[in-house]
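This report introduces a protein structure to a reader who has not met it before. It treats selected strands, the nonpolar cores and the main pocket in turn.

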Amino acid sequence: MARAGSNMISIRRSAERGHFNHGWLDTCHTFSFADYHDPRHMGFRSLRVINEDRVAAGQGFGRHPHRDMEILTYVLAGALEHRDSMGNHGVIRRGEVQYMAAGSGVEHSELNPSPAEPVHLMQIWIRPDRRGVAPRYEQRQFPSLARAGELTLLASPDGRSGSITIHQDALLLAATLLAGQTVRHALATGRGAWVQVLRGEITLNGVQLAAGDGAAVEGEPELTLSAAAEAELLLFDLA
């Protein structure tokens with residue numbers, strides 16, 4: 001993980017991620033996950049997993065169990081169909097976020113229902129602040145994601161501003177930026193941030209980041225995120 005000059009920004013380049021192409025699944029792991037293990041990259045604060053997945057048409061993750069993890073799914077293109085042992089069933093598309101508190105235990109499957117189109121998604125795991133909570137599922141649409149040039153709060157510990165409530169002192173935000181647009185996010189003392197670039201290229205406090213790149217931010221009072229051309233990003237504000 002490269003360090004960006006005097007800034008307290010540690011860069012995780014796209015090409016450094018764990019990468020596997022299983023045919024039905026082309027996946028990149030920012031942090032250690034499944035068969036990819038790197039003790040230097042086990043997560044950042046409570047953020048444990050950021051996987052960029054491309055799932056082929058008609059394929060997906062068969063029914064499998066989880067416990068004690070906050071799981072969020074963000075779709076960039078295509079659709080993803082969810083079923084779980086709580087009886088929930090839903091299909092999420094771009095502009096929607098799926099949340100599952102695995103808690104005391106849940107089984108689920110995630111499949112691409114399209115017979116022709118792949119689905120491109122980000123799978124996010126955050127460690128909960130308590131164990132054994134009742135499992136919960138939620139699927140929510142965020143119309144503001146379609147508006148460029150602003151940060152949309154997707155998840156928070158208290159459900160503020162219409163966000164999904166999660167069991168951790170963490171904020172998940174997303175933004176699409178057009179050429180020349182800038183967004184800013186204040187970072188409280190003692191908190192850290194992770195920025196993940198989904199599309200395009202951005203400048204983070206003067207540091208250039210491209211699609212697939214991530215950056216850990218410590219000790220910076222404010223994040224300034226700018227785009228020279230259209231870009232999309234996720235921002236995690238973490239205790």
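## Strands, cores and pocket

In this predicted model, strand 7 is mostly covered, with seven of its eight residues buried. Strand 7 spans residues 70-77. It pairs with strand 10 in the antiparallel sense over five bridges, and Thr 73 has Gln 98 of strand 10 as its bridge partner. Strand 7 also runs antiparallel to strand 12, to which seven bridges join it. Within that pairing, Leu 72 is matched with Ile 124 of strand 12.

Strand 14, residues 152-156, is likewise described as mostly covered: five of its five residues are buried. Its pairing with strand 16 is antiparallel, whereas its pairing with strand 15 (residues 164-165) is parallel. The table sets out the pairings of strands 7 and 14.

| Strands | Sense | Bridges | A bridge pair |
|---|---|---|---|
| Strand 7 and strand 10 | antiparallel | five | Thr 73 and Gln 98 |
| Strand 7 and strand 12 | antiparallel | seven | Leu 72 and Ile 124 |
| Strand 14 and strand 16 | antiparallel | three | Thr 152 and Ala 174 |
| Strand 14 and strand 15 | parallel | two | Ser 156 and Thr 165 |

In soluble globular proteins, nonpolar side chains tend to be buried together. The largest nonpolar core of this model has 28 residues, and those with the most contacts inside it are Leu 47, Tyr 74, Leu 154, Leu 234 and Phe 236. Among the elements that give two or more residues to this core are strand 5 (47-55), strand 7, strand 10, strand 12, strand 14 and strand 16. Apart from this core lies another, of 24 residues, which includes Leu 177, Leu 187, Leu 209 and Leu 225.

Leu 47 offers a view of the contacts involved. Not counting residues up to four places away in sequence, Leu 47 touches Phe 31, Ile 124, Trp 125, Ile 126, Trp 194, Phe 236 and Leu 238. Ile 124 is also the bridge partner of Leu 72.

The largest pocket holds about 320 Å³ of space. Its lining comprises 24 residues, of which Phe 33, Asn 51, Asp 53, Phe 61 and Gln 123 lie nearest the centre of the pocket. Among the elements that give two or more residues to the lining are strand 4 (25-29), strand 6 (60-66), strand 8 (79-84) and strand 11 (106-111). Strand 5, strand 7, strand 10 and strand 12 also each give two or more residues to the lining, and these four strands likewise give two or more to the largest core. By class, the lining has ten nonpolar, eleven polar and three charged residues.

Technical notes
Residues are numbered from 1 along each chain as its sequence is written. This is a predicted model: local features need pLDDT of at least 70, side-chain atom pairs count only at pLDDT 80 or more; totals for chains, interfaces and linings use all residues. Side-chain values use heavy atoms; hydrogens and water are left out. A nonpolar core is a set of buried Ala, Val, Leu, Ile, Met, Phe, Trp, Tyr and Cys residues joined through side-chain atoms within 4.5 Å. Buried means under 20% relative accessible area, exposed over 50%, partly exposed in between (1.4 Å probe, protein chains only). Contact means heavy atoms within 4.5 Å. On a 1 Å grid over the protein atoms alone, a cavity is a set of points where a 1.4 Å probe fits but cannot get out, and a pocket is an open set with protein on both sides within 12 Å along at least five of seven lines; lining residues have an atom within 4 Å of a point. Grid points are joined across faces, edges and corners, and a volume is the space filled by probe spheres set on the points. Ala, Val, Leu, Ile, Met, Phe, Trp, Tyr, Cys and Pro count as nonpolar, Asp, Glu, Lys and Arg as charged, and the others, Gly among them, as polar. Two strands pair if DSSP finds at least two bridges between them.
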